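Got a viewer open? Let's take a walk through this one, stopping at a few places along the way.

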Amino acid sequence: MRKIVQGFFMLMLSTTLALAQEKTVSGTVTANDDGLPIPGASVKVKGSTSGTQTNADGKFTIKVNGDNATLILSYLGYITLEVSTKNEVLNLVLQKDNKSLSEVIVTGYATKSKRDFTGSASQVSIESAMGQPNASFDQLLQGQAAGLNVKTGSGQPGRSADVIIRGQGSINGSSAPLYILDGIEILGGDFSTMNQNDFESVTILKDASSTSIYGSRGSNGVIVITSKQGKTGKLKITYDGQTGMSRLPENQLKVMNTSEKLFFEKNIAKSYPNRTDEDYLRLGKINTNWNDYVFRKGATQSHQLALSGGSDKTTFYTSLGYYNEDGITINTGIKKYNGRLNIRHTDKNLTIGTNLSGGWSDYNGTREGNQGIGSPLNNVLWSLPYEPVYQDDGKTFFGNSTESLLFGDWVNPVEALTVNISQRWQLKSTGNVFLDYKLPWIKNLSYKINMGGDYSQIEDFNLIPNGSQTATQNGIRFGKLFRLNGEVERALDRRFSYTITNSLNYKTNLDAEGNHKLNTSVYYEYVRNQGRSFNFTGYGLLLPFKNETGLVEGTAANGFIPSVGGGFPVNNAVASFFGDVAYSYKNRYFLSLTGRNDGSSRLSPANRYVSYGSVGASWILSDEDFFKNINFVSLAKIKASYGNAANQGGIGQFPYSPQYIGGTYGGLGTLQIGRLGNPNLKWELKEMTNIGIDAEFFKGRIRTSFEWYNNNTKGLYFEPNVPSINSAGAAFTANAGNLQNRGIETTVDFKLINTKDFKWSIGANYSFNKNTIKSLDTDQPLLLTPRSEYQALQVGSPVNSFYLVQFAGVDPKTGNSQFVNPATGQLGAYSANNKVILGTSDAPHNAGINLMLGYKGIELTALGILSGGNYIFNKARYNLEWNILADYAFAANGLNAWTTEGQITDFPRITESTRRFTTRFLEKGDFFRLKNIQLAYSLPNSVLTKIKIQGLRFFIQGQNLYTKFKFQGWDPEVSTINNPTNSNATVEGAQYPSLKRVTFGVNLTL
């Protein structure tokens, strides 16, 4: 009995001592990047099972045993923190873990850890890219990822870029990547009406393991975009704004000024033998620099107001954006207005949400990428320097049959840009709703449905006033008198696509220790594309209204009969069943399998369905015991993948069936074949192999990756040349030939200095792609490239290879051009039979290099891009050196034209007929560009606390401030508007220069 009493008192004593040591600790947890509280952060007592979480205000309360206890705080995306409980009230700040954030790969269907990801993917540095002012998001991707070849093509506001991933994989089919926004397919080239500041992440998927789950839509790579989501916590208000100026770069294709042109006409071309000295004196007093009138200093401003926040169950993000850019060509520019609302709600096992956005753009532009004599961007080069812009009254534009030497072949470019109207309006809306439900009766099984759509409506309006030079030219020069009195053109194009994806996901551990993990998903997806368009042109703009009401009624007597047309309706769908399986062993060995079956309404019922899949594996080599003594290696990972995917893009609606168009025969309306059908047409099939190594050294201070890939496209979509049928140039699409893209990609990131106050990092990416035609399924050794008169297809050569006669300089004795005979190697006269295959227009070498240098609140960043190995056929230079156009404005190179025997020059005599299809006008497209440079300053926290705001940052940045190239033109990234299937092939003339821009901006967080 006495022992029981003693035990009881000892128990009471120990309990009393324990209660005396136990105390309550409270605190607040905030984030270092934005100062906001972090709800849901884990707070645990080290060495015990006791723990809690922070509430919506980032606050927590927990009981600990004495002053010597340690709390462990953790939250996804932030560095884990351990703190002592000596103080009872703690104000704790978690540091953002940039490494952790970069370890997440967003595939569109799921979010995966980079550690166990077996595919090839690159993540775009979203902050540096989105901060650049540009009306079209795809232009901002340039230089941001290895294997991503982006050519901006034009400086015209709102112009989309040409984007290719790992080389051009088709001839007549589409080589454009698939764009996914919040799990929904969106139309590429439509980004000028979207707000890139609303994007949270951008991931480039490149190999079979990462893209085959998208099936036929992802055969050319996938660009996955996610929009910003709200975070739990107090309301956060941000304002981002910037304004600046832009200017014209220098044109390396020089034209003669007045004194040079008059000297050229008098002594070299001898164009005007009857011109007197008085005429030369009179003309010499006029020296018009047409650039001063056609181009101007542009202006840019952008503003965005965003609000985000929410509770532990419901979060939201909403924004309003405005962008206004005046182009460097007069009367060109874009204004766009955007809005977004994203809401997410979670209640126990159910998560629902929606992402909605809408935009409107008002665009004024001008034609480019053509050789038209009525195009202002051609005439600015062709206009004579001794002809004025205005007549003597200073108001009326110069140029008519009695005043201008060039009338009939010339339109005053200032008048064309000022008087003519070229407008475009676009309405763009994207959105999705989703439901994610964790089924309670089966652990780790969840169901998700994601439904959304992409709507785009484009309206074009063009007007040529009665009495303008353009109207006069259209009526007289082209022999269409009904166009003499002006015209109005309007077109409307509407596109709508929607995506419905249902999925089941199951994840489990296959053993008690958790060494074997399995994650599998099955999907059913339906994608529908619909669209319609119409256009009309009315003639006889005689009434005083600058729209359709200004047209007079068309009759047989006046000839003002309007023309009406419309494109073939878009109406196709793809239905798919697919699934993936991901297996891991000891979080060290990883295996992924993907299988998919697609059915497309574009192809005939016999060839409508196709199945394919992929396999990928990776090994964390650095986790092995034999690797642990190599201390300087933080991570070493080997990965490989193989698979295939099909392509049915770019072949029209129903190419298996003949299509008819309207025509006339004997003065009567009739139908004729516009396109032949091919019921045997099948899918293009691309086989992809990828091998890669990822490594980190010195605790992540150096990160590098290297990948080798081999992609083979079989059954290429190709349009053979066929005889005309019923007077129509009918064509059809066939499967003919194989194409290979093989290359390497490497990325290196250095954190040279990473202290609290001073940071210095350098990153670079490089890619090389070799494109080779393996077969053409034809007996002909060479085929002319469709829609390109300068290029040809040949087995063993790249797509878009130039097919020209080799120019070998000028004979000093005669002044004649000399050309190479490839059969003999001898020099001689021009012969079309001496054409040979030369370099390609697609750059095989592409690289990007970025720099970040920071000291306390000051930060300097820079992005440079390199591109090389390609050639450009310079049609704009050909037009300025064509001997027939010697009376126009002429290239300054013409001053070196051969005139006397023995003269050494590379410019032949002016009296020689200029040969176009030669390498004389083929130039290297290599360039280096300082794409963006930015200097920023962020106010320190001590100042922010006093003025009671969360963040304030000022910056100044410049775009395209320096470009090094040898190409004779405005810019080596030439326009490809008229030649979308042959990326970067030629300068068609009428190039809208890429601008140099400087902007000032501010980022404010309340």
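What follows is a tour of a sheet, some salt bridges, two backbone angles and a surface patch. Keep in mind that this is a predicted model.

Let's start with the sheet. Four strands make up an open sheet in the order β3-β2-β5-β6, and the pairing is antiparallel. At the edges sit β3 (51-53) and β6 (81-84), each of which pairs on one side only. On average, neighbouring strands here are turned by 20° against each other, direction ignored. As background, strands of a sheet pair through backbone hydrogen bonds, in either a parallel or an antiparallel way. If you want to check one pairing by eye, go to β5 (residues 70-74): four bridges join β5 to β6, and the two run antiparallel. A handy landmark is T70, which stands opposite S84 in β6.

Now for the charges. Side chains of opposite charge can pair when their charged atoms come close. How many salt bridges does a search of the whole structure find? The count is 39. One of them joins D182 and R340, whose closest N and O atoms are 4.0 Å apart. D182 lies in the loop between β13 (178-181) and β14 (184-186), while R340 belongs to strand β20 (residues 333-347), so this pair ties together parts that are 158 residues apart in sequence. Are these two partners buried or exposed? Both D182 and R340 are buried.

Next is K428, which forms a salt bridge with D190, the closest N and O atoms being 3.0 Å apart. Since K428 is in strand β22 (residues 421-438) and D190 in the loop between β14 and β15 (199-205), the pair ties together parts that are 238 residues apart in sequence. K428 has a relative accessibility of 2%, so it counts as buried. D190, at 4%, counts as buried too, because buried means under 20% relative accessible area.

The pair of E789 and K875 has a mixed setting. Their side chains meet in a salt bridge at 3.6 Å, N to O. This one also links distant parts of the chain: E789 is in the loop between β39 (782-784) and β40 (791-794), K875 is in helix α11 (residues 875-881), and they are 86 residues apart. E789 is partly exposed, with a relative accessible area of 42%, whereas K875 counts as buried at 4%. Beyond single pairs, there is a network of salt bridges that links R166, K206, K639, D694, E707 and E745.

Back to D182 for a look at its backbone. Its phi is near 50°, a positive value in a residue other than glycine. With a relative accessible area of 13%, D182 is buried. K699 likewise is not a glycine and has a positive phi, of about 55°. You'll find K699 in the loop between β33 (684-697) and β34 (702-714). K699 is exposed, at a relative accessible area of 79%.

Last stop: the surface. I858, L935, Y937, F954, I956, L961, Y962, V998 and F1000 make a nonpolar patch of about 780 Å². The elements giving two or more residues to this patch are β50 (927-938), β51 (951-965) and β53 (996-1005). Which of them supplies the largest share? That is β51, with four residues. Y962 lies in β51, and its 42% relative accessibility makes Y962 count as partly exposed.

Conventions. Residues are numbered from 1 along each chain as its sequence is written. This is a predicted model: local features need pLDDT of at least 70, side-chain atom pairs count only at pLDDT 80 or more; totals for chains, interfaces and linings use all residues. Side-chain values use heavy atoms; hydrogens and water are left out. Two strands pair if DSSP finds at least two bridges between them. Axes are lines fitted to C-alpha atoms, for helices over the stretch in contact, and angles run from 0 to 180 degrees between N-to-C directions. Patches are made of residues with over 30% relative accessible area and no salt bridge: like charges are joined within 9 Å, nonpolar side chains (Val, Leu, Ile, Met, Phe, Trp, Tyr) within 5 Å. Accessible areas come from the Shrake-Rupley method with a 1.4 Å probe; for residues, only the protein chains shown count as cover. Buried means under 20% relative accessible area, exposed over 50%, partly exposed in between (1.4 Å probe, protein chains only).
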